[in-house]
Amino acid sequence: MTQPNDPAFPVSPSDYSAKHGLTKREYFAAMALSAVATDPRITSKSIIESSIELADALIEKLNSTENAK
């Protein structure tokens with residue numbers, strides 16, 4: 001199951017700390033942001049909201065797909 005606050009790029013326990021880097025939610029939102037931001041008709045506030053919504057929707061879909069297996 002994909003958890004929104006799990007690290008996007010996990011490291012081994014011997015690495016610095018389990019609390020550094022981006023979460024999956026932050027990484028997915030950043031990727032969505034790069035796509036959504038290319039549309040000049042969308043306002044900054046809408047871009048931010050859309051990116052977070054897309055990240056959450058992706059996590060939800062990944063989890064429902066995993067549960068269907």
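**Stop 1: helix α1**

Select residues 24–36 to bring up helix α1 of this predicted model. Helix α1 counts 13 residues, and from its first C-alpha to its last it reaches 18 Å, close to the 18 Å expected at 1.5 Å a residue.

Now colour the buried residues of this helix: Phe28, Ala29, Ala32 and Val36. On which side of α1 do they sit? They are on the same side, because the arc they cover around the axis is only 100 degrees. There is a general reason behind such patterns: an α-helix has 3.6 residues a turn, so residues three or four places apart point the same way.

**Stop 2: the aromatic pair**

Stay in helix α1 and show the side chain of Tyr27, which has its place there. How many aromatic pairs does a search of the whole structure find? The search finds one. Its partners are Tyr27 and Phe28, in a tilted arrangement with 6.3 Å centre to centre and 50 degrees between the planes.

Switch on a surface and compare the two partners. Tyr27 counts as partly exposed, with 27% relative accessibility. Phe28, at 19% relative accessibility, counts as buried. The cut-off for buried is under 20% relative accessible area, so Phe28 at 19% falls within the buried class.

Next, select what surrounds Tyr27. Once neighbours within four places in sequence are left aside, Tyr27 is in contact with Ala8, Phe9 and Leu22. You can also draw a distance from Tyr27 to Pro4: C-alpha to C-alpha they are 9.6 Å apart in space, while 23 residues separate them in sequence.

**Stop 3: two salt bridges**

Zoom out and turn to the charged side chains. The structure holds two salt bridges.

For one of them, select Arg25 and Asp56, whose side chains meet at 2.6 Å, N to O. Which helices does this pair tie together? Arg25 belongs to helix α1 and Asp56 to helix α2 (residues 44–68), so the salt bridge links parts that are 31 residues apart in sequence. Both partners come out as partly exposed: Asp56 has 30% relative accessibility, and Arg25 has 32%.

For the other, pick Asp39 and Arg41, where the N to O distance is 2.8 Å. Is Asp39 buried or exposed? Asp39 is buried, with a relative accessible area of 19%. Arg41, by contrast, is exposed, and its relative accessible area is 73%.

**Stop 4: along helix α2**

Helix α2 covers residues 44–68, and three of its residues make good stepping stones: Ile47, Ser51 and Asn63.

- Click on Ile47. This residue is buried, with a relative accessible area of 10%. Setting aside neighbours within four places in sequence, Ile47 is in contact with Leu33, Val36, Ala37 and Ile42. Val36 is one of the buried residues of α1 you coloured earlier. For a distance, draw a line from Ile47 to Ala32: their C-alpha atoms are separated by 9.0 Å, and the two are 15 residues apart along the chain.
- Move on to Ser51. Its relative accessible area is 3%, so Ser51 is buried. Not counting residues up to four places away in sequence, Ser51 touches Ala29, Ala32 and Leu33. Ala29 and Ala32 are also among the buried residues of α1.
- Continue to Asn63. With a relative accessible area of 11%, Asn63 is buried as well. Which residues does Asn63 contact, leaving aside its neighbours within four places in sequence? They are Met1 and Thr2.

**Stop 5: the whole chain**

Finally, show the full chain as a cartoon. There are two helices and zero strands. Buried residues make up 19% of the 69 residues. Next, display the contacts between residues at least 6 apart in sequence: 36% of them join residues at least 24 apart. To finish, turn on the molecular surface. The accessible surface of the chain comes to about 5300 Å², and carbon and sulfur atoms account for 59% of that area.

Technical notes: Residues are numbered from 1 along each chain as its sequence is written. This is a predicted model: local features need pLDDT of at least 70, side-chain atom pairs count only at pLDDT 80 or more; totals for chains, interfaces and linings use all residues. Side-chain values use heavy atoms; hydrogens and water are left out. Helices (H or I, at least four residues) and strands (E, at least two) are DSSP runs, numbered from the N terminus. The expected span of a helix is 1.5 Å times one less than its number of residues. Buried means under 20% relative accessible area, exposed over 50%, partly exposed in between (1.4 Å probe, protein chains only). The arc is that of the directions from the helix axis to the C-beta atoms. A salt bridge is a side-chain nitrogen of Lys or Arg within 4 Å of a carboxyl oxygen of Asp or Glu. Contact means heavy atoms within 4.5 Å. Accessible areas come from the Shrake-Rupley method with a 1.4 Å probe; for residues, only the protein chains shown count as cover. Rings of Phe, Tyr and Trp (its six-membered ring) pair if their centres lie within 6.5 Å; planes under 30 degrees apart count as stacked, over 60 as edge-to-face and the rest as tilted.
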